[in-house]
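Let's take a walk through this one together. Have the sequence and the 3D view open side by side.

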Amino acid sequence: MELDKMIDASKMEALKKNIDGAKRFAVLVHRNPDGDAIGSSLALMQYLAAMGKEAKVIVPNDFPDFLKWMPAADEIIIYESQKQAAVDYLHSVDVVFCLDFNALSRISELGTVVAGLAVPRLLVDHHLQPEEGFDVQISEPAACSTAELVFHIIYELGGLQALSKNIAECIYVGIMTDTGNFAYASNRKDIYIIVAMLLEAGVDKDITYRKVFYNATLNKMKLTGFVMYEKLRVFSACNAALMTLTYKDLRRFNAAKGDTEGLVNVPLQIKGIRFSCLLREEVPGKVNVSLRSVDDFPCNEVAAEFFCGGGHKNASGGEVYGTLDYAVERFKAAIAKYKSKLTE
Ligand code: 5GP
Ligand code: MN
């Protein structure tokens, strides 16, 4: 079986030119970085370093503990806590890579810094509808993950020998987490050809799975049980489920970053449920919204229309400035509006 090319030849050429002609790179990912954001950026950073370039990953805010073991994760600059270092570095780079997001607003304040730089901005992403303004735009919603795109870039530029074990491991984490360990967005055969090459490069997929997914604290397990038992509501007439977490709930379980990761997927296991929503009161007055769906139900449209957000068709997010009760009202309005699509 052959691996099909995923990235347009002219875009690969433009990317190669930008890499060859530059010395220093920043690799940026979206706010609240997930496994794909961290995996794809660390893979690209290590590839650039292996090419004799200087490259650093900068993230807008901290990332979950279950990703901290990853190769070179300790070199990541966290903008929120290291603003000066991030800004100084950004002002010294020749090229900025933007990975796993489609609009500068997704990197918060960092976006303003990047907008002020007069260097090429290269997008590598798999979200729908990227904004304009990138000098090279590799935007492939068909890709299961940004890590898959980074694989194609490294494979086309450097071949299999460019794939060190550490790079392969980072790419594997991105693919594994963005497909829910190959449970969704993962029907294309090429994903498995790539996985075979990653195994060949030395990845132990079983150990990698455990490092990411069997890394919970007791608090996280208790929080999950609490949510399932006390906080999960099903709206059968709309095939929808809702979970809410107050600021107080989160404090009660001493919830750390990442402790609610994956929770929003669980109600999709209930027979008939096609749409799941988690509303998390991050701080009083600000509610974080996570949406998941199955089949053709477009939760990105719900995110954009009701929660000032966006994302993928089956995995989106957004936020509500207001009370948790108000966010619940938004959710109810959303499922009322989308009832026919949810029940068709
Ligand atoms: P999560 O529920 O894991 O926080 O986010 C799921 C996906 O939704 C992310 O991978 C991202 O694509 C998208 N997403 C999350 N929050 C936002 C947001 O505030 N704005 C936009 N445009 N997309 C978001
Ligand atoms: Mn992604």
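What follows goes from the ligand site to the metal site and then to a sheet.

## Ligand 1 and its shell

Keep in mind that this is a predicted model. There are 13 residues around ligand 1, and the ones that come nearest are His 127, Ser 290, Arg 292, Gly 310 and Ser 316. By type, the shell is made up of nine polar residues, three charged ones and one nonpolar one. Both domains chip in: domain 1 (9-213) and domain 2 (218-343) each supply at least three residues.

Now for the polar contacts. His 127 has a side-chain N or O atom sitting 2.5 Å from an oxygen atom of ligand 1. Gly 317 uses its backbone instead, with a polar atom 3.1 Å from an oxygen of the ligand. Arg 106 brings a polar side-chain atom to 3.5 Å from a nitrogen atom of ligand 1. How much of ligand 1 does the protein bury? On its own the ligand exposes 490 Å², and 77% of that is buried by the protein.

Which elements give two or more residues to this shell? They are β10 (286-293), β11 (310-311) and β12 (315-321). Strand β12 provides the largest share, with four residues.

## The manganese site

Ligand 2 is a manganese ion, and its protein donors are three aspartates and a histidine: Asp 36 (OD), Asp 100 (OD), Asp 178 (OD) and His 126 (NE2). These donors lie 2.2 to 2.4 Å from the metal. Along the sequence, their spacing reads D-x63-D-x25-H-x51-D.

Take Asp 100 and Asp 178 as a pair: they link distant parts of the chain, being 78 residues apart. Asp 100 is in the loop between β4 (95-99) and α4 (109-115), while Asp 178 belongs to helix α6 (residues 165-178).

## A six-stranded sheet

Next up is an open sheet of six strands, paired in parallel. Reading across, the order is β3-β2-β1-β4-β5-β6. Strand β4, whose end leads into the loop with Asp 100, has β1 and β5 on either side in that order.

Which strands are at the edges? They are β3 (77-78) and β6 (136-139), each of which pairs on one side only. At the β3 edge, two bridges join that strand to β2 (residues 54-59), and the two run parallel. To find one of these by eye, look for Val 59, whose bridge partner in β3 is Ile 78.

Notes. Residues numbered from 1 in each chain as written. Chains lettered and ligands numbered in written order. Predicted model: local features only at pLDDT ≥ 70, side-chain atom pairs only at ≥ 80, totals over all residues. Heavy atoms only, no water. Near = heavy atom within 4 Å. Polar contact = N/O pair within 3.5 Å; in protein donor to acceptor, adjacent residues only side chain to side chain. Areas by Shrake-Rupley, 256 points an atom, 1.4 Å probe, with all protein chains shown as cover. Nonpolar A, V, L, I, M, F, W, Y, C, P; charged D, E, K, R; others polar. Domains from an automatic or database assignment. Pairing = 2+ DSSP bridges. Donors = N, O, S within 2.8 Å, 3.2 Å for Na, K, Ca; no water.
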